[in-house]
Protein chains: 2
Amino acid sequence: MANTTGYDIADALGLLLRRSTRARLYAHLTEGLGKAVDELTYPVLSGLARTGPLSAAELGREVGLDRTTVTRRADRLESAGLVQRRQDPVDGRATLLTLTRQGHETIAATRQRLAAAIEDGLASWSEADAQTFARWLRRFVDEGPFAPQRD
Amino acid sequence: MANTTGYDIADALGLLLRRSTRARLYAHLTEGLGKAVDELTYPVLSGLARTGPLSAAELGREVGLDRTTVTRRADRLESAGLVQRRQDPVDGRATLLTLTRQGHETIAATRQRLAAAIEDGLASWSEADAQTFARWLRRFVDEGPFAPQRD
DNA sequence: GGCAGAAGCGTGCGGTGCGCACGCTAATCT
DNA sequence: AGATTAGCGTGCGCACCGCACGCTTCTGCC
């Protein structure tokens, strides 16, 4: 690949990864839902939805957080009624973090809200363009420099 | 736009914005350079390179941080010799944050390193594909939901 | 079968980053 | 010239993070 191309991608990615971009995204995401879901708790909730019931340690490995950090974020989600702790039936030590019905509803609503925000933002794009971009982005996420390591 | 497209984009974006992705990116970025440039100080350094000499308050507006936070991050960059504080010649109150020669060299090396990491990660892509993706990504950053607000 | 080590969990603790509030200096306005 | 505004640095309280500790439960070995 020519050097300038990697440069262009890095530049655009840099903007996308700016903290403020994240913050704006999460503002869309939280608004209207309970305060329990924020920038910190969302990855836990989302990861749990993706993987199914998991221990704090495993979920931590999944989302790249320390075990204890997951525990504390899960505490909040639990007191908000979105997550429930269950005894692991086969291992008496382990506690499985599980989404409640409300947790499932919340994460679904969140994703829908997020999708809607992106659609609004891309209102000037044609449907075909948006689909093309979505495919490229997916391919980059799957095959790009950040893909291999499961985190 | 069809609902499912916004959904796909949101999904891929979510992965891209994961904290661990950022961390991995910044690991590439810092490695080999002094410890002064990290996930926290990089946006300040980078913003300064993009805009030229700026006061802490203006730079804060530029990168979406509180004035005082910029000041403290700049402190570190200053003691590492990458940033220099200069009296604003036309406003005695203002202090302009300026990149030193070493600061310029560091940011250039950082960007090159980043571009190289992305090229490595996309080794399996053709040059044409990479360029096409770069163009789409740039267009999304410029025209997409996160574009309008200068941060 | 019992005991030692490993694995899992929650919590206390120190370190660190953030933004607000305060006080100071310099510019601007009347 | 006096008053108000703008800019800056720093003290302070708050929140988050990961490590270390102690507890319980499982596992492997004699």
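Let me start at DNA strand D, where a polar side-chain atom of A:Thr68 lies 3.4 Å from a base nitrogen of that strand, and please keep in mind throughout that what we are looking at is a predicted model. A second residue of chain A also reaches a base, since a polar side-chain atom of A:Arg72 lies 2.9 Å from a base oxygen of DNA strand D. The backbone takes part as well: at A:Gly92, a backbone N or O atom is 2.6 Å from a phosphate oxygen of DNA strand D.

Which elements give two or more residues to the surface near DNA strand D? They are H5 of chain A, together with helix H4 (56-63) and H5 of chain B, and among these H5(A) gives the most, with 6 residues. In total, 22 residues surround DNA strand D, and the closest of them are A:Thr69, A:Arg73, A:Gly92, B:Ser55 and B:Arg67. If we sort the residues of this surface by class, we find 4 nonpolar, 7 polar and 11 charged. Turning to the DNA side, 58% of the atoms of strand D within 4 Å of the protein belong to sugar or phosphate, and the rest belong to bases.

Now let us move to DNA strand C. Here I would like to begin with chain B, where a polar side-chain atom of B:Thr69 is found 2.5 Å from a phosphate oxygen of DNA strand C, while a backbone N or O atom of B:Gly92 lies 2.6 Å from a phosphate oxygen of that strand. B:Asp66 also belongs on this list, with an N or O atom of its side chain 3.3 Å from a phosphate oxygen of DNA strand C.

The elements that give two or more residues to the surface near DNA strand C are helix H4 (56-63) and H5 of chain A, along with helix H5 (67-79) of chain B. Which of the elements gives the most to this surface? That is H5(B), with 6 residues. Around DNA strand C there are 22 residues, of which A:Ser55, A:Arg72, B:Thr69, B:Arg73 and B:Gly92 come nearest. By class, this surface has 4 nonpolar, 7 polar and 11 charged residues, and of the atoms of strand C within 4 Å of the protein, 60% belong to sugar or phosphate, with the rest in bases.

Let us now leave the DNA and look at the sheet in chain A. It is an open sheet of 3 strands in the order S1-S3-S2, and the pairing is antiparallel. Strand S1 (54-55) and strand S2 (83-87) of chain A stand at the edges, each with a single partner strand, so that one side of each has no neighbour in the sheet. S2(A) pairs with strand S3 (residues 95-99) of chain A in the antiparallel sense over 5 bridges, and within S3(A) it is A:Leu97 that stands opposite A:Arg85. Two helices pack on this sheet. Helix H3 (residues 41-51) of chain A touches S1, S2 and S3 of chain A, and its direction makes about 95° with that of S3(A). Helix H5 (residues 67-79) of chain A, which we met beside DNA strand D, touches S2 and S3 of chain A, and its direction makes about 115° with that of S2(A).

In chain B, we again have an open sheet of 3 strands, with the order S1-S3-S2 and antiparallel pairing. S1(B) and strand S3 (residues 95-99) of chain B pair in the antiparallel sense over 2 bridges, and the bridge partner of B:Leu54 in S3(B) is B:Leu97. H3(B) packs on the sheet and touches S1, S2 and S3 of chain B, with its direction at about 95° to that of S3(B). H5(B) packs on the sheet too, touching S2 and S3 of chain B, and its direction makes about 115° with that of S2(B).

Finally, H3(B) has a helix as a packing partner. Helix H3 (residues 41-51) and helix H6 (residues 101-121) of chain B pack at an angle of about 105°, with their axes 10 Å apart, and the two are therefore roughly perpendicular to each other. On the H3(B) side the contact is made by B:Tyr42, B:Leu45, B:Ser46 and B:Ala49, and on the H6(B) side by B:Thr106, B:Ile107, B:Thr110, B:Arg111 and B:Leu114. Sorted by class, the residues of this contact are 5 nonpolar, 3 polar and 1 charged.

Key
Residues are numbered from 1 along each chain as its sequence is written. Chains are lettered from A and ligands numbered from 1 in the order in which they are written. This is a predicted model: local features need pLDDT of at least 70, side-chain atom pairs count only at pLDDT 80 or more; totals for chains, interfaces and linings use all residues. Side-chain values use heavy atoms; hydrogens and water are left out. Axes are lines fitted to C-alpha atoms, for helices over the stretch in contact, and angles run from 0 to 180 degrees between N-to-C directions. Helices (H or I, at least four residues) and strands (E, at least two) are DSSP runs, numbered from the N terminus. Angles under 35 degrees count as roughly parallel, over 145 as roughly antiparallel, 65 to 115 as roughly perpendicular and the rest as oblique. Contact means heavy atoms within 4.5 Å. Ala, Val, Leu, Ile, Met, Phe, Trp, Tyr, Cys and Pro count as nonpolar, Asp, Glu, Lys and Arg as charged, and the others, Gly among them, as polar. Two strands pair if DSSP finds at least two bridges between them. A residue is near a molecule or strand if one of its heavy atoms lies within 4 Å of it. A polar contact is a pair of N or O atoms within 3.5 Å; within protein, one must be able to donate a hydrogen and the other to accept it, and residues adjacent in sequence count only if both atoms are side-chain atoms.
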